[in-house]
Amino acid sequence: MSLSIGIHDLSFATGEFVLPHTALAAYNGTEIGKYHVGIGQESMSVPAADEDIVTLAATAAAPIVARHGSERIRTVVFATESSIDQAKSAGVYVHSLLGLPSATRVVELKQACYGATAALQFAIGLVQRDPAQQVLVIASDVSKYELDSPGEATQGAAAVAMLVGMDPALVRIEDPSGLFTADVMDFWRPNYLSTALVDGQESIGAYLQAVEGTWKDYSEQGGRALEEFAAFCYHQPFTKMAYKAHRHLLNYCGYDTDSDAIAGAIGQTTAYNTVIGNSYTASVYLGLAALLDQADDLTGKPIGFLSYGSGSVAEFFAGTVVAGYRERLRTEANREAIARRKPVDYAAYRELHQRSFPTDGGDHATERQTTGPFRLAGISGHKRQYETR
Ligand code: HMG
């Protein structure tokens with residue numbers, strides 16, 4: 001009999017500030033309908049000067065450690081594509097901020113927005129080997145495109161932390177997975193750039209090609225039929241993309257693409273992403289959080305996950321919602337993480353976007369801006385300095 005392994009707890013954090021798309025539209029003269037309807041985005045999270053992927057990740061993971069303790073966590077996998085160091089895992093800083101035991105393995109994983117799904121699957125493998133262990137999977141990203149580029153409207157920032165273990169309280173992850181890899185240059189970020197490069201239309205086409213590829217493999221591996229799924233969590237670089245992807249999947253499978261049916265399958269997964277923006281690796285799991293927080297009872301129902309990372313690697317898999325899951329949700333905290341953000345105007349956002357640390361190895365303190373539990377205090381001797389507030 002196969003073990004029941006999956007997501008035992010899920011918590012997320014996002015940036016200190018929020019830029020409404022109305023402010024971006026007023027600055028660049030875009031008709032607001034393009035943002036609100038065309039790409040399905042209302043606002044984007046903007047990290048404070050003293051926030052980064054580490055502080056977001058620690059903020060997301062702290063409530064999980066507080067609820068479950070750290071005794072069973074022997075592995076931390078940190079998935080990100082907005083890495084802060086070429087050698088050291090960002091997870092090691094989180095390990096330190098959260099006071100996790102030294103008998104832990106910590107590693108960073110990258111494949112664009114797909115990284116967190118690889119982390120989740122690797123975590124399941126570790127738990128299969130030793131069911132007493134739990135794995136802390138963290139997806140944390142700050143999405144940055146060049147100012148005044150088409151991608152600017154699809155930025156965002158968030159971290160999702162998931163505790164993976166036996167007899168999960170939220171979602172049991174199933175076999176098989178449908179896999180797809182294709183060498184495409186739809187979106188990438190060379191090491192010398194702080195903002196991503198993208199061919200927007202090609203990236204949408206590459207995503208849709210991956211939807212087909214993963215579904216084909218999922219079916220060939222003996223996966224569920226499409227009509228068995230109660231909802232679908234897609235990677236959401238902008239929420240309209242989930243609609244495009246699901247329509248494409250229905251077409252590919254020979255189904256009608258009735259708008260109400262698509263909205264029924266996707267609608268409740270977009271509530272957090274539409275106000276947070278693209279959080280890269282975290283995005284598909286923010287979709288799950290929004291679904292679990294809003295849907296009527298999903299007990300026993302299968303959910304489809306489509307994780308896409310440019311470049312590209314994608315995976316389709318199923319998870320079944322576990323009885324009693326509603327008592328373990330963090331709905332109030334999730335809504336508060338979004339509601340607590342302070343609006344910034346376009347000029348303040350632009351100033352934050354353009355900031356970077358000097359590279360001279362000197363001592364450079366950051367302004368105190370975040371009201372979150374952890375902050376990036378500065379850089380000294382090329383070393384990032386983190387502190388608990
Ligand atoms: P764009 O050129 O700014 O916009 O690029 P557009 O002209 O394509 O318009 C967008 C939509 O708005 C269109 O709808 C318009 O019709 C509509 P569609 O034809 O697509 O259904 N529109 C309006 N609707 C209502 N009222 C109006 C109005 N005007 C226009 N007044 C693009 C948009 C998303 C390409 C751009 O923002 C971009 O390059 N974004 C970044 C790349 C991206 O998000 N790609 C998604 C797939 S790749 C992916 O998901 C991976 C990623 O997350 C990275 C990773 O894996 O690490 C990005």
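A charge sits over a ring if NZ of Lys or CZ of Arg is within 6 Å of the ring centre and within 35 degrees of the ring normal. To see a case, select Lys88 and Tyr93: the charged end of Lys88 lies over the ring of Tyr93, 4.6 Å from its centre.

The model is predicted: local features need pLDDT of at least 70 and side-chain atom pairs count only at pLDDT 80 or more, while totals for chains, interfaces and linings use all residues. Residues are numbered from 1 along each chain as its sequence is written, and side-chain values use heavy atoms, with hydrogens and water left out.

**Stop 1: a three-stranded sheet**

Helices (H or I, at least four residues) and strands (E, at least two) are DSSP runs, numbered from the N terminus. Two strands pair if DSSP finds at least two bridges between them.

Select residues 17–20, which are strand 2. Add strand 3 (43–46) and strand 14 (342–343). These three strands form an open sheet in the order 3-2-14, with mixed pairing. Strand 3 and strand 14 are the edge strands, each pairing on one side only. Strand 2 and strand 3 run antiparallel and are joined by four bridges. To find one position in this pairing, pick Val18, whose bridge partner in strand 3 is Ser45.

Next show residues 21–28, which form helix 1. Helix 1 lies across strand 2 and strand 3 and runs at about 50 degrees to strand 2. The angle is taken between N-to-C directions, from 0 to 180 degrees, with axes as lines fitted to C-alpha atoms, for helices over the stretch in contact; contact means heavy atoms within 4.5 Å.

**Stop 2: strand 6**

Select residues 134–143, which make up strand 6. Is strand 6 enclosed or open? Ten of its ten residues are buried, so strand 6 is largely enclosed by the rest of the structure. Buried means under 20% relative accessible area, exposed over 50%, and partly exposed in between (1.4 Å probe, protein chains only).

Colour the two faces separately. Gln134, Leu136, Ile138, Ser140 and Val142 are on one side, Val135, Val137, Ala139, Asp141 and Ser143 are on the other, and all are buried.

Now add the neighbours. Strand 4 (residues 73–79) runs parallel to strand 6, with six bridges between them. Strand 7 (residues 156–166) runs antiparallel to strand 6, joined by nine bridges. Ile138 is a useful marker: Phe78 stands opposite Ile138, and in strand 7 its bridge partner is Ala161.

**Stop 3: salt bridges**

A salt bridge is a side-chain nitrogen of Lys or Arg within 4 Å of a carboxyl oxygen of Asp or Glu. The whole structure holds 14 of them.

Select Arg330 and Asp9, whose side chains meet in a salt bridge at 2.6 Å, N to O. Arg330 is in the loop between strand 13 (313–321) and helix 11 (331–339), and Asp9 is in strand 1 (residues 5–14), 321 residues apart. Arg330 is buried at 14% relative accessibility, and Asp9 is buried at 0%.

Move to Glu16 and Arg340, where the closest N and O atoms are 3.4 Å apart. Glu16 lies in the loop between strand 1 and strand 2 and Arg340 in the loop between helix 11 and strand 14, so this salt bridge ties together parts 324 residues apart in sequence. Glu16 is buried at 0% relative accessibility, whereas Arg340 is partly exposed at 28%.

A third salt bridge joins Arg355 to Glu351, with the closest N and O atoms 3.1 Å apart. Arg355 is partly exposed at 31% relative accessibility, and Glu351 is partly exposed at 40%. Then select Asp50, Arg368, Arg375 and Glu387, which salt bridges with shared partners join into one network.

**Stop 4: aromatic rings**

Rings of Phe, Tyr and Trp (its six-membered ring) pair if their centres lie within 6.5 Å; planes under 30 degrees apart count as stacked, over 60 as edge-to-face and the rest as tilted. A search of the whole structure finds 18 aromatic pairs.

Select Phe12 and Tyr272, a tilted pair at 5.3 Å centre to centre with 55 degrees between the planes. Phe12 is in strand 1 and Tyr272 in the loop between helix 8 (259–266) and helix 9 (273–276), 260 residues apart. Phe12 is buried at 6% relative accessibility, and Tyr272 is buried at 5%.

Go on to Tyr207 and Tyr308, another tilted pair, at 4.9 Å centre to centre and 35 degrees between the planes. Tyr207 lies in helix 6 (residues 200–220) and Tyr308 in strand 12 (residues 302–309), so the pair ties together parts 101 residues apart in sequence. Both tyrosines are buried.

For the last selection, show Trp215, Tyr218, Phe229, Phe232, Tyr234 and Phe316, which ring pairs link into a cluster.
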